[in-house]
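Please open the model in your viewer and set it to a cartoon view. We will go from stop to stop, selecting as we go.

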Amino acid sequence: MFKDKPQGTSRLRTLPRPHATISWIGKNSERLLVAFTLSLVVFYIVGGFERAFPVVPESVRLERHMNTGQALYPYAAVKSSIEWSKLKPRYPNKQSPTPLPATEPGTTHPPIQHRFKRESGHDRKRRDARRRAVRDLTIKSWSAYRKYAWKKDALLPLSATGKDQLSGWAATLVDSLDTLWIMGLREEFDEAVAAVAEIDFANSSSPMINIFETNIRYLGGLLAAYDLSKRDVLLQKAIELGDLIHAGFDTPTRMPVDNINLLAIKSGEGQMIEPQVVSASPGTLSLELTHLSQLTGDPKYYSAIARLNTLFSVSQNQTLLPGLFPMYISLWGPKPDVISGTRFTLGGGADSMYEYLPKLSQLLNNAAPSLVSLSHNFLSSASANLFYRPMIPDSSANDIMISGTANILPNPDTKTNSVQLSPETEHLTCFIGGTYALAGRLFSTAEYLETGSRLTRGCVHMYKSFPTGLMPERLTMLPCPPGSPSHAAESCQWNQTLWDATEKQQGLPRGFVLATDRRYILRPEAIESVFYMWRITGEPEWEAAAWDMFLAVANAVVAKETGGGASVKDVTVDPSKEDVERSDEMESFWIAETLKYFYLAFSPPDLISLDKYVLNTEAHPFLRPER
């Protein structure tokens with residue numbers, strides 16, 4: 001780095017130098033140094049360094065690290081033993097495929113993410129430390145899966161073995177692909193891709209394939225991993241699986257089944273639609289099949305779900321709770337019925353259907369007006385009919401809302417219906433705060449963002465209230481009394497008399513009436529909404545909430561037998577007084593969603609920016625087309 005001194009240099013030091021000249025040079029040098037220093041300070045303050053020497057964004061550095069050079073685990077793609085697209089359908093589509101909607105030239109899209117300012121060195125170090133903690137926990141869980149359950153659907157973290165529960169196509173492996181990529185785990189990602197290349201989607205551990213789980217976990221995982229890595233084998237496998245899911249639409253009405261019969265496809269018998277399904281099953285096929293059409297240029301996948309979108313669109317205001325769809329619907333018979341049900345919820349069985357309404361608009365860049373209307377109608381109706389304010393001891397902190405369940409009760413005497421709101425909620429509904437926040441930015445509606453904040457604070461409150469720092473799977477809070485401003489900004493006051501008179505389970509925090517399912521099964525929905533709120537608003541409360549939640553989760557779920565994540569049996573126990581018991585299950589969404597959302601909450605905002613990516617219900621990021 002440094003060269004030797006030239007010979008004779010020492011003789012230069014003995015040459016006489018006038019004293020006055022040295023003094024003059026010294027004073028001017030000091031002036032120049034001070035001026036130069038001040039210039040640098042001003043340059044720094046106005047952001048000159050950042051413009052002249054811009055920092056390479058993390059997303060760019062990560063892409064270079066993960067996508068440059070040869071794969072560390074070479075692979076040869078193995079085609080599935082049956083090419084589903086070549087099998088003749090029993091009920092072929094007789095109409096021309098519906099093309100993907102196109103945006104008008106010059107259309108601009110509102111920004112989704114908050115414009116974060118440059119963080120201080122202290123904040124960056126704190127954030128990096130938190131992110132490393134999430135990454136370390138992920139590596140522990142992935143290593144446990146790799147050691148004890150490799151290529152199985154799920155790890156049993158207490159018994160140190162694996163099991164197949166979702167067709168036997170290595171659900172945890174496929175579901176975790178993009179998490180490995182996002183966390184920069186190059187060796188683990190390359191090894192997983194090599195394993196995916198060998199999956200035969202014609203051989204299943206069960207003859208019946210659940211279309212919902214196959215779509216969100218497998219197809220979603222493959223599409224997102226391809227978007228990030230551009231590994232051709234991942235798109236090839238996504239097309240194979242997409243063709244299998246498309247075969248699930250081989251019915252007389254071209255509506256999808258809930259469970260695909262593999263034997264019926266192979267024999268050309270067509271599929272048989274179930275008499276009744278939960279609305280989330282068909283309603284959560286849209287993002288993945290739309291994105292597969294975007295990537296392949298083949299409109300048949302989007303065309304399949306376009307019929308569903310049309311059915312939902314023309315029926316939305318004919319239901320017993322206009323704007324919302326009943327939890328149970330029927331696609332069976334010549335005339336599908338999506339309007340007659342009497343139970344309306346944003347929880348299990350319906351949740352992701354609603355999540356996909358604004359997200360499909362986002363993926364299509366708001367090019368389909370009917371989808372935008374579907375979103376607005378659902379958001380308005382849910383706000384008016386499903387949300388309530390709970391009564392909590394700290395009334396000053398009661399800027400929260402909870403999502404309940406509405407049941408329609410007919411009155412035969414008056415021949416009218418009444419709406420009864422059940423205050424029972426569940427962890428699954430905690431996604432809704434993030435959905436409202438996203439819709440608030442996507443549709444430039446401040447009211448949605450405000451509602452999303454309150455709903456997300458409600459879930460954060462439920463986490464903080466229990467001694468483990470975790471929220472139960474299903475619970476009931478005490479609503480504010482009738483006549484309280486349940487939808488207004490003001491909170492209702494704590495009423496001790498009302499609380500004392502309320503029938504409730506013993507041992508729960510004040511304000512909580514029932515905990516009908518006390519488990520925490522590694523679910524992601526609460527941190528999902530906290531992540532959205534942080535990225536969309538930039539308010540510090542959400543970053544702080546994410547860290548508190550992570551600490552609670554990390555302290556409770558790690559199985560000493562394997563290092564994997566294990567479900568908690570009862571979140572209401574006090575860890576300082578008794579041991580927290582765990583269950584022998586680690587769902588694939590633990591790595592695919594929960595840990596990914598925690599990691600992204602502590603990552604630079606350019607990593608999986610919400611302005612560039614649309615996340616499916618399994619947290620798989622789909623690259624949003626520029627137009």
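Is serine 453 buried or exposed? Select serine 453 and show its surroundings: with a relative accessible area of 9%, this residue is buried, since buried means under 20%. Serine 453 has its place in helix α18. Leaving aside neighbours within four places in sequence, its contacts are Met533 and Trp542, so show both as sticks if you like. Keep in mind throughout that this is a predicted model.

**The whole protein**

Now zoom out to the full chain. The protein has 22 helices and 16 strands. Turn the C-alpha trace along its principal axes and you will find spans of about 115 × 70 × 55 Å. How does the radius of gyration fit a compact globule, and what is its value? For 627 residues such a globule would have a radius near 25 Å, and the 28 Å of this protein agrees with that.

Colour by burial next: 54% of the 627 residues count as buried. Switch on the surface and you are looking at about 28300 Å² of exposed area, with 54% of it supplied by carbon and sulfur atoms. For the charges, select the 65 positive and 67 negative ones; their mean positions are 8 Å apart. Contacts across the sequence are worth a thought too: taking those between residues at least 6 apart, 72% join residues at least 24 apart.

**Helix α17 and its cover**

Select residues 432–442, which make up helix α17. How many of its 11 residues are buried? The count is 10, and the helix is mostly covered. The buried ones are Ile432, Gly433, Gly434, Thr435, Tyr436, Ala437, Leu438, Ala439, Gly440 and Leu442.

To see what does the covering, add α15 (351–363), α16 (369–385) and β8 (387–388) to the selection, along with α18 (446–465) and α20 (525–537); the cover includes these elements. Helix α18 is the one that holds serine 453, so our opening stop is back in view. Just after α17, click on serine 444, where phi takes a positive value of about 50°.

**Strands β12, β13 and β14**

Move on to β12 (residues 424–426) and β13 (residues 474–477). These two strands run antiparallel and are joined by three bridges. Glutamate 424 has threonine 476 of β13 as its bridge partner. Now add β14 (residues 512–517): β13 pairs with β14 over three bridges as well, in the antiparallel sense. Which residue of β14 does threonine 476 stand opposite? Leucine 514.

Stay with leucine 514, which lies in strand β14. Its relative accessible area is 32%, so it counts as partly exposed. Its contacts, neighbours within four places in sequence left aside, are Leu475, Thr476, Gln505 and Leu508. Draw a distance between the C-alpha atoms of leucine 514 and leucine 475: they are separated by 5.4 Å, with their positions 39 residues apart along the chain.

**Strands β7, β10 and β11**

Select β7 (residues 343–345) and β10 (residues 405–411) next. Three bridges join this antiparallel pair, and arginine 343 stands opposite asparagine 407 in β10. Then bring in β11 (residues 416–422), which runs antiparallel to β10 and is joined to it by seven bridges. Proline 410 has asparagine 417 of β11 as its bridge partner.

Between β10 and β11, which form a hairpin, there are four residues. Click on lysine 415 in the turn: its phi is positive, about 55°, although it is not a glycine. Is lysine 415 buried or exposed? Its relative accessibility is 77%, so it counts as exposed.

**A last stop at alanine 160**

Most residues other than glycine have a negative phi. Alanine 160 has a positive one, near 55°. Where should you look for alanine 160? Go to the loop between β1 (154–156) and β2 (161–163). At 29% relative accessibility, alanine 160 counts as partly exposed.

Notes: Residues numbered from 1 in each chain as written. Predicted model: local features only at pLDDT ≥ 70, side-chain atom pairs only at ≥ 80, totals over all residues. Heavy atoms only, no water. Rg over C-alpha atoms; globule rule 2.2 N^0.38 Å. Buried < 20%, exposed > 50% of the residue type's maximum accessible area, 1.4 Å probe, protein only. Contact = heavy atoms within 4.5 Å. Areas by Shrake-Rupley, 256 points an atom, 1.4 Å probe, with all protein chains shown as cover. Lys, Arg positive; Asp, Glu negative; His and termini not counted. Charge placed at Lys NZ, Arg CZ, Asp CG, Glu CD. Pairing = 2+ DSSP bridges.
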